[in-house]
Amino acid sequence: MISILQSSALASGVDEAEVSAALDTAATGGISPVLALMENAGVDERVLSRHLAEGLGWQWLETPQPEPEDTAELKRLIPARFAVRHQVFPVGLERDRDTLAPSRLLLACHDPCDLMARQAVARQSALPVRWCLTPRGELLNAVQQLYGVGAETFDALIAAGGGGMDDMHLRDEANIIDGEDEEASVVKFVNQIIREALAQKATDIHVEPQPDSLRIRYRIDGFLHEVPVPENIKQLQASVIARIKVMSKLDIAEKRLPQDGRIHLKSDGQSIDVRVACIPSVEGESMSLRLLGQERFTLDRLGLNVAHRKTIETLLEKPNGIVLVTGPTGSGKSTTLYTFLSQLNSVHRRIVTIEDPVENKLPGVVQIAVKPEIGLSFASGLRSILRGDPNVVMVGEIRDLETAEIAVRASLTGHLVFSTLHTNDAVAGITRLIEMGVKPFLVSSSVRAFLAQRLVRVLCSSCKQPVKYKREDLIKIGFPEVKDRQVWRATPGGCQQCRSTGYAGRVALYEIALMTPAMQSLVSQKVSEADLQTQARKDGFVPMREYGLQKVFEGITTLEEVARVTSEELA
């Protein structure tokens with residue numbers, strides 16, 4: 001085996017001395033030689049796995065997938081708990097030609113040197129086994145797809161007759177989700193769901209009762225993805241929902257009314273804040289968990305181009321005025337505002353915010369949550385804030401004339417104010433304020449800039465592909481100006497790094513309309529929005545669609561993504 005490993009590693013293009021050193025480390029340290037070669041010698045896992053399979057005479061599978069008609073039998077032969085513990089995956093069954101009865105089990109592993117796993121399989125399987133090799137990441141992904149998230153815990157719970165309210169012990173101590181609890185419990189099962197969501201960089205978890213199942217979905221890069229779950233998860237529906245309620249300190253007996261709560265988690269030493277919304281439905285209570293506290297608010301993270309970054313830095317240096325960020329729900333407005341506040345946050349500035357709700361906690365910033373039930377609205381809270389000697393004020397959203405007028409007054413009395421509006425583009429923010437009832441001369445004298453933004457998905461750097469479009473296709477999606485420029489597309493089916501989507505992460509597209517002297521004059525004259533757009537162009541305004549096109553040429557996103565979030569009229 002060692003000679004096969006050595007020759008496989010050398011065939012992967014690794015230096016002989018590094019291979020020998022890694023194998024020596026494995027021998028003295030009691031670790032797997034396969035693991036040592038990958039971690040210490042830097043051998044590519046896929047290449048090593050392929051060469052190992054050839055040396056051993058085993059089949060090599062790039063992406064193991066079981067036959068759909070065999071899945072029930074495969075799960076019976078290799079239960080979820082066994083597959084997860086020993087990191088093996090049942091790929092399929094070989095059948096007798098005459099009787100069609102299963103005669104041999106095809107089983108994938110990623111480490112042929114794991115003798116304990118192979119001995120355990122010999123004891124577990126009722127059929128002879130034919131082994132094959134696959135990369136570890138692909139194996140773990142296949143296990144989750146076949147059995148579902150937390151399936152090993154679920155199986156142990158059902159086998160033990162658990163899943164009821166008594167099984168949870170209603171524990172609500174520190175919610176640390178790192179460690180592997182040996183005891184199978186609903187607590188552990190829910191922790192696994194949350195931990196997997198964090199690993200996949202999800203922003204939301206939706207737990208939704210269905211007539212015959214409990215659907216779990218993660219929102220990743222703005223899109224919902226259904227998570228594989230154990231087949232009989234409906235048996236745990238009441239306990240899973242009750243556990244989430246306990247964690248978020250909600251009333252577990254109240255099942256008729258909506259409830260809101262929060263969970264404070266610890267994962268890898270990092271604090272994660274989870275906002276929980278419980279909504280009663282005809283099939284049971286639906287739970288939505290918004291995962292917060294994973295962001296790092298820096299200007300670099302916004303992905304601004306050089307010109308826009310310089311504009312933003314100039315705006316943040318202003319001693320007073322209003323900067324408004326516009327866009328629909330889920331377009332990243334809060335992240336942009338938190339980034340601005342983080343840039344301004346220092347011991348020499350007093351920053352106060354009023355939000356609905358407080359999504360992320362910023363050290364050194366006084367943050368107030370709106371509470372309409374006790375009369376604490378944006379307007380009343382903003383009045384109180386201005387009596388507290390702030391330098392910078394952030395209002396979560398300008399929803400009405402009263403809040404708008406107080407914000408304007410604050411900016412005119414020496415405060416730098418940040419807030420959001422719901423408009424389709426930057427220039428429309430001007431007309432929106434005027435429609436609210438703010439006098440045009442106050443808009444022109446108080447507002448420094450309007451920023452509009454949308455989020456697009458970022459191409460996976462591991463699998464993106466260059467693409468040539470036909471002119472008629474470019475005209476159809478509104479980009480005839482692309483012509484012969486190099487653009488990229490998401491690879492159909494993606495790769496392991498991007499969860500087979502072709503995309504990994506998101507970036508914002510911006511447009512910034514500055515309140516220049518020429519714009520101030522036009523606003524005071526109550527001209528049309530079209531005239532304001534024309535003047536903004538003369539002042540250097542770059543529409544979001546053009547900004548997005550630059551991101552396409554840089555290989556960051558695709559034409560389809562830019563077309564999805566922008567309207568052709570913006571060009």
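**Exercise 1. Two helices in contact**

A518, M519, L522 and V523 in α21 meet D531, L532, Q535 and A536 in α22. The model is a predicted one. Task: work out how α21 and α22 are oriented to each other, and which classes of residue make up their contact.

Solution.
- Step 1. Locate the elements: helix α21 covers residues 517–524, and helix α22 covers residues 529–538.
- Step 2. Take the geometry: the two helices pack at an angle of about 170 degrees, and their axes are 10 Å apart.
- Step 3. Apply the cut-off: angles over 145 degrees count as roughly antiparallel, and α21 and α22 are therefore roughly antiparallel to each other.
- Step 4. Return to the residues that meet, among them L522 in α21 and L532 in α22. By class, the contact of α21 with α22 has 6 nonpolar, 1 polar and 1 charged residues.

**Exercise 2. Cysteines**

Task: decide how many disulfides the model has, and state whether C460 and C278 are buried or exposed.

Solution.
- Step 1. The rule asks for two cysteine sulfur atoms within 2.5 Å. By this rule the count is 0 disulfides.
- Step 2. Check one case: for C460, the nearest cysteine sulfur belongs to C495 and is 3.7 Å away, and C460 is in no disulfide.
- Step 3. Buried means under 20% relative accessible area. C460 has 3% relative accessibility, so C460 counts as buried.
- Step 4. C278, at 1% relative accessibility, also counts as buried.

**Exercise 3. Salt bridges around strand β2**

Task: describe the salt bridges D70 with R95 and R104 with E94, and find where each residue sits.

Solution.
- Step 1. In the D70–R95 salt bridge the closest N and O atoms are 2.8 Å apart.
- Step 2. D70 is in the loop between β1 (59–60) and α5 (71–77), while R95 is in strand β2 (residues 88–95); this pair links distant parts of the chain, 25 residues apart.
- Step 3. Compare accessibility: D70 is buried, at 5% relative accessible area, whereas R95 is partly exposed, at 37%.
- Step 4. R104 and E94 join through their side chains in a salt bridge of 2.9 Å, N to O. R104 belongs to strand β3 (residues 102–109) and E94 to strand β2, 10 residues apart.
- Step 5. Both ends of this pair are partly exposed: R104 has a relative accessible area of 32%, and E94 has 24%.

**Exercise 4. A buried pair**

Task: state which parts of the chain the salt bridge of E561 with R457 ties together, and whether E561 and R457 are buried or exposed.

Solution.
- Step 1. The closest N and O atoms of E561 and R457 are 3.1 Å apart.
- Step 2. E561 lies in helix α24 (residues 559–565) and R457 in strand β17 (residues 447–459), so the bridge ties together parts 104 residues apart in sequence.
- Step 3. E561 is buried, with a relative accessible area of 2%. R457 has 16% relative accessibility, so R457 counts as buried.

**Exercise 5. The whole chain**

Task: give the number of helices and strands, the share of buried residues and the number of salt bridges.

Solution.
- Step 1. The chain has 24 helices and 20 strands.
- Step 2. Of its 571 residues, 49% count as buried.
- Step 3. Salt bridges number 23 in the structure. A network of salt bridges links R46, E62 and E138.
- Step 4. Of the contacts between residues at least 6 apart in sequence, 64% join residues at least 24 apart.

How values were computed:
Residues numbered from 1 in each chain as written. Predicted model: local features only at pLDDT ≥ 70, side-chain atom pairs only at ≥ 80, totals over all residues. Heavy atoms only, no water. Buried < 20%, exposed > 50% of the residue type's maximum accessible area, 1.4 Å probe, protein only. Axes fitted to C-alpha atoms, helices over the stretch in contact; angles between N-to-C directions. Helix = DSSP H or I, 4+ residues; strand = E, 2+ residues; numbered from the N terminus. Parallel < 35°, antiparallel > 145°, perpendicular 65-115°, else oblique. Contact = heavy atoms within 4.5 Å. Nonpolar A, V, L, I, M, F, W, Y, C, P; charged D, E, K, R; others polar. Salt bridge = Lys/Arg side-chain N within 4 Å of Asp/Glu carboxyl O.
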